[in-house]
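Colleague: I should be grateful for a close look at a single part of this structure, namely the surroundings of the ligand. Please describe them in one connected account.

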Amino acid sequence: MTTTDDAPALDRKKVRAFARHLFGVYTGGALTFLIDIGHRTGLFTAATAGAATATELADRAGLQERYVREWLGAMVTAEIMTYDPATSRYALPPEHAAALTGDGSKNMAPMAAMVPLLGRNLDGIEQAFRTGGGVPYSAFSPDFTGVMDQLNRRPLDELLVDAWLPLVPGLTDRLTAGARVADVGCGTGHALVLLAAAFPASTFTGYDIAPDAIARATAEAAAAGLTNVAFEVADVAAFRPAVPLDVVFAIDAVHDQADPAAVLRGVHDALVPGGTFVMVDMAASSDLAENVGNPFAPWIYAISTLHCMTVSLAHDGAGLGAAWGEQLARTMLDDAGFGEVVTHPAPGQALNLIYATQRPSSSR
Ligand SMILES: C[S@@+](CC[C@H](N)C(=O)[O-])C[C@H]1O[C@@H](n2cnc3c(N)ncnc32)[C@H](O)[C@@H]1O
């Protein structure tokens with residue numbers, strides 16, 4: 001059926017349904033800011049002490065009642081918290097508290113900070129859409145360092161040693177016996193601090209291009225009294241460690257590199273024959289069609305457009321993007337000279353895939 005001007009007739013139900021969907025997207029964006037506020041101010045944690053009126057909750061958290069009451073209106077109507085009109089009390093259901101509070105890897109509240117952070121450079125991103133290039137890492141600094149730290153710290157605490165390492169046959173034994181280990185793009189270095197404490201016979205060096213991240217990493221290692229871990233400001237595209245390495249980690253740090261092929265080749269060349277490379281990266285397909293229906297894919301493409309891809313393109317880089325995907329990753333690992341690649345969904349981290357591979361005994 002067509003209208004008089006030959007434009008296809010619109011299915012009004014579909015238009016309404018899509019408009020509702022779109023409004024849900026916008027609402028999710030706005031609510032994410034409020035979840036970030038709830039996390040920053042301690043409101044979610046305060047709510048775990050039991051049902052409370054707005055005044056009681058504000059007092060518990062040391063905040064202004066008027067702001068807390070408005071925030072609670074959003075939390076209740078968004079079905080994050082509940083409201084009992086009979087008592088004027090608000091509550092955070094325990095199942096919701098499990099996803100918004102605590103020191104465990106299931107606390108998703110720190111992730112909310114990523115949205116306002118990525119929204120900070122929209123003018124620059126718009127410009128890059130028009131002219132090419134990108135927005136460099138420095139435009140997201142120093143806050144990006146802290147947000148990444150908060151995003152990954154709890155999962156690393158809970159999962160790195162006990163759930164991720166055992167996926168790679170022999171890795172825990174190798175680290176226990178004593179290995180030379182590096183982490184490329186180490187950020188605030190928490191992964192290596194955990195490993196250095198767990199494996200005192202091994203020595204660890206973390207490399208990152210961001211001086212603020214390395215300063216935090218060095219301070220954390222010193223505060224923990226660790227003498228088997230060090231951190232250096234370095235561009236890992238020119239990764240040439242002084243000694244051959246037994247194990248290298250790259251955690252969420254390859255896809256946003258300006259020159260990821262050089263990084264992978266550098267890691268390969270730095271390893272001893274038989275040395276292990278563990279790369280944690282986004283779980284996605286390199287084929288968009290295979291990502292349709294993946295509930296995490298819109299997030300991966302969105303953060304990629306707003307950060308991961310643009311920071312690479314800002315330096316005329318490869319601009320792989322966060323959704324570079326397993327097929328391309330395998331091709332690039334092969335091109336860099338690595339042997340068989342085994343992947344595992346990262347336990348406790350649905351967004352990530354763990355790649356494990358070795359430098360072959362006889363390398364190209
Ligand atoms: C997404 S963050 C991940 C940080 C950390 N591995 C984690 O899991 O929290 C990527 C890191 O790579 C670093 N990076 C980007 N390009 C780099 C380069 N060429 N050399 C060294 N580090 C780089 C950034 O500064 C950032 O800390």
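Modeller: A polar contact is here a pair of N or O atoms within 3.5 Å. In this predicted model, a polar side-chain atom of Asp208 lies 2.6 Å from an oxygen atom of the ligand, so that this pair falls within the cut-off of 3.5 Å for a polar contact. Two nitrogen contacts of the ligand may be placed beside it. In Ile209, a backbone N or O atom lies 3.1 Å from a nitrogen atom of the ligand. In Gln257, by contrast, an N or O atom of the side chain is 3.0 Å from a ligand nitrogen atom. On its own, the ligand has 600 Å² of accessible area, and the protein covers 91% of that area.

The wider shell can now be considered. The ligand is surrounded by 17 residues. Asp208, already described for its polar side-chain atom, is among the closest, together with Asn152, Gly185, Asp235 and Ile251. Sorted by class, the shell comprises 9 nonpolar residues, with 4 polar and 4 charged residues besides. Helix H8, which spans residues 143-164, supplies 3 residues, the largest share of this shell.

Beyond helix H8 the chain runs into a loop that leads to helix H9 (171-177), and Gly170 is found in this loop. Gly170 is partly exposed, because its relative accessible area is 42%. Gly170 and Thr276 are 106 residues apart in sequence, and their C-alpha atoms are 9.8 Å apart in space.

As for the overall setting, the protein is divided into domain 1 (12-101) and domain 2 (118-358). The C-alpha centres of these two domains lie 34 Å apart.

How values were computed
Residues numbered from 1 in each chain as written. Predicted model: local features only at pLDDT ≥ 70, side-chain atom pairs only at ≥ 80, totals over all residues. Heavy atoms only, no water. Near = heavy atom within 4 Å. Polar contact = N/O pair within 3.5 Å; in protein donor to acceptor, adjacent residues only side chain to side chain. Areas by Shrake-Rupley, 256 points an atom, 1.4 Å probe, with all protein chains shown as cover. Helix = DSSP H or I, 4+ residues; strand = E, 2+ residues; numbered from the N terminus. Nonpolar A, V, L, I, M, F, W, Y, C, P; charged D, E, K, R; others polar. Domains from an automatic or database assignment. Buried < 20%, exposed > 50% of the residue type's maximum accessible area, 1.4 Å probe, protein only.
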